[in-house]
Amino acid sequence: MIALDIQGLTKQYATGAKALQGLSMRVEEGAMHALLGANGAGKTTTIGILTGLVRKSGGTATVLGHDLDAEPEVVRSLIGVVPQEFNFSIFETPFDICVTQAGFYGVPRQEAVTRVEALLKQLGLWEKRALPSRTLSGGMKRRLMIARALVHQPKILLLDEPTAGVDVELRRSMWEFLQTLNAQGTTILLTTHYLEEAEQLCQTASIIKQGTIVREGKMAELVASLDVKRFVFTTATPIASVSPIDGIVCKKIGDLEWDAELPQTGTVTALLAGLSAQGITVTDIRPRNNRLEELFLQTIS
Amino acid sequence: MATVSQWVPFRTLAWRECHRFLRIWKQSLVPPLITQSLYFIIFGAFLGARVGDVQGVGYAQFIVPGMVMMGVINGAFSNVAFSFFAAKFQRSIEELLVSPVKPATILGGYVAGGALRGLLTGLLIFAVSMFFARPAVEHPFVLVAFALLAAVLFAIGGFLNGLFAKSFDDAGVFTTFILTPLIYLSGIFYPVTALPEPWQTISRINPILYLVSGMRAGFFGNPEIPVSVSLGMVAVISVGLWMLALRLLKQGRGLTA
């Protein structure tokens, strides 16, 4: 079943700015899908429309077969959202914030209390449950927003840059949490600026540019569609030039560092062999970007 | 079409609003008690003896209905105005907007919370008044009806204030420049019939006049304005403001982009 079906979505703000220009995308039920794009591309507007915080100008959106216009409350009951910015009362405690949110989704208090206890324990917030939320660290606030988004056990979780400003260790533990959640059947739509995160977590992705989807598909196929591969290699001694090697183009980017652009069929073995044949000793070689980052830059530029 | 039950969300929101003002009782409930006690001491005990009877009761007793009504109005209005604006300011209002809570439930929840604070404030002021005036209650149902109507009406007013406010200053402007003058000119401290024309006629534009008159009828009987007229007037204004607030909420005014 299709979890999210968005067709021809448009949004023009009162200022005249066109945030979305006919955006269409589909997310399969049970998938973890990345929505990637530069700042201002329309990611947050798309999430805003799905959650009711932004009024669309045109197009349609259905969530698990329920039309956003015809059944807005049903659609919202199916979705959990973790926004980009903190949006909870800083005077309330994590426990109260989550129990209240569950109530807004019709979860009776007694059941809400049980669910909130489980979630806060899972996300390492149980010890802080009775403190005013303003006293939490940035990472804890992010986890609180995840707990809050999950109290009504949504079928679809929308995450708008959930790991922004979070340290590496915490980010990894959040990845594990999201992977477990996804494995249990929750469909996840993730926007992130960390492309490594998207490549690691998501099976499918869409790239949004100026309010429309310009590329989408399975992550592995998208990455494989790159027509060039880029590496950076370091030489043992400074060298003036490198002769072309079987379609591989090398450009100097530092005293000892060189950028190598390989065609899709090119291999690192061929590059190293060519350099060796020219009497060049290579001390280090690494991919210039991660593959998804390469695809992203190629697509949005 | 599937529907989402609104009872639990309504109860949750109303309880959150009550919990908020009970948590900050030193800011929400104590100040009006101190202010009204001072009114009772100054106008009731010190000056009341010089004024003598007004409409057949002592002056200290005469001001009790107005004092109670003032507490109800201020409590209901300020609770919703500031709570709703603070939720907008912190963006925690998004917790409600992304959930399946219907606009009428959002409005109802805030109004219930505000009305309860207003009624509790009024009740506490009434209790305090017993130390100074020992007012009689001739028609308790009339008294309760007007207290309830006032609490609901001004809770809706507070909601509209919070909806339109773009800053904390905006949230307080209506109270300072409109609500407070209307309260003080509504016949709390004097019978409106004692005013010379045209002030008597002008006073009848003030909706709070009808509430104070109705409340006074609940305490002492003999209303300046017939109870049915006051009830009708306040009920019509309440329904009108409810519909306006609901319409603006459905449009997402100041809430959605």
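Let's start with the parts list: chain A contains ten helices and 14 strands. Keep in mind as you look around that this is a predicted model. Along its principal axes, the C-alpha trace of chain A spans about 75 × 45 × 35 Å. Chain A has 301 residues, and 42% of them count as buried. If you look at contacts in chain A with a separation of 6 or more, 67% of them come from residues 24 or more positions apart.

Now turn to the sheet. Six strands of chain A make up an open sheet, and walking across it you meet them in the order β6-β7-β8-β3-β9-β10. The pairing in this sheet is mixed. At the edges stand β6 (79-82) and β10 (212-218) of chain A; each has a single partner strand, so one side of each is left without a neighbour in the sheet. From one strand to the next, the twist averages 15°.

Within that order, β8 and β3 sit next to each other, and this pair is worth a visit. Strand β3 of chain A covers residues 32-37, strand β8 of chain A covers residues 187-191, and the two run parallel, joined by four bridges. To find your place in the pairing, pick out A:Met32, which stands opposite A:Ile188 in β8(A).

Finally, move back to the β6 end of the sheet, where a helix comes into view. Helix α5 of chain A, made of residues 138-150, lies across β6 and β7 (156-160) of chain A. Its direction makes an angle of about 170° with β6(A).

Methods:
Residues are numbered from 1 along each chain as its sequence is written. Chains are lettered from A and ligands numbered from 1 in the order in which they are written. This is a predicted model: local features need pLDDT of at least 70, side-chain atom pairs count only at pLDDT 80 or more; totals for chains, interfaces and linings use all residues. A residue is buried if 20 or more other C-beta atoms lie within 10 Å of its own, exposed if 12 or fewer, and partly exposed in between; C-beta atoms are placed from the backbone. Two residues are in contact if their C-beta atoms, placed from the backbone, lie within 7 Å. Two strands pair if DSSP finds at least two bridges between them. Axes are lines fitted to C-alpha atoms, for helices over the stretch in contact, and angles run from 0 to 180 degrees between N-to-C directions.
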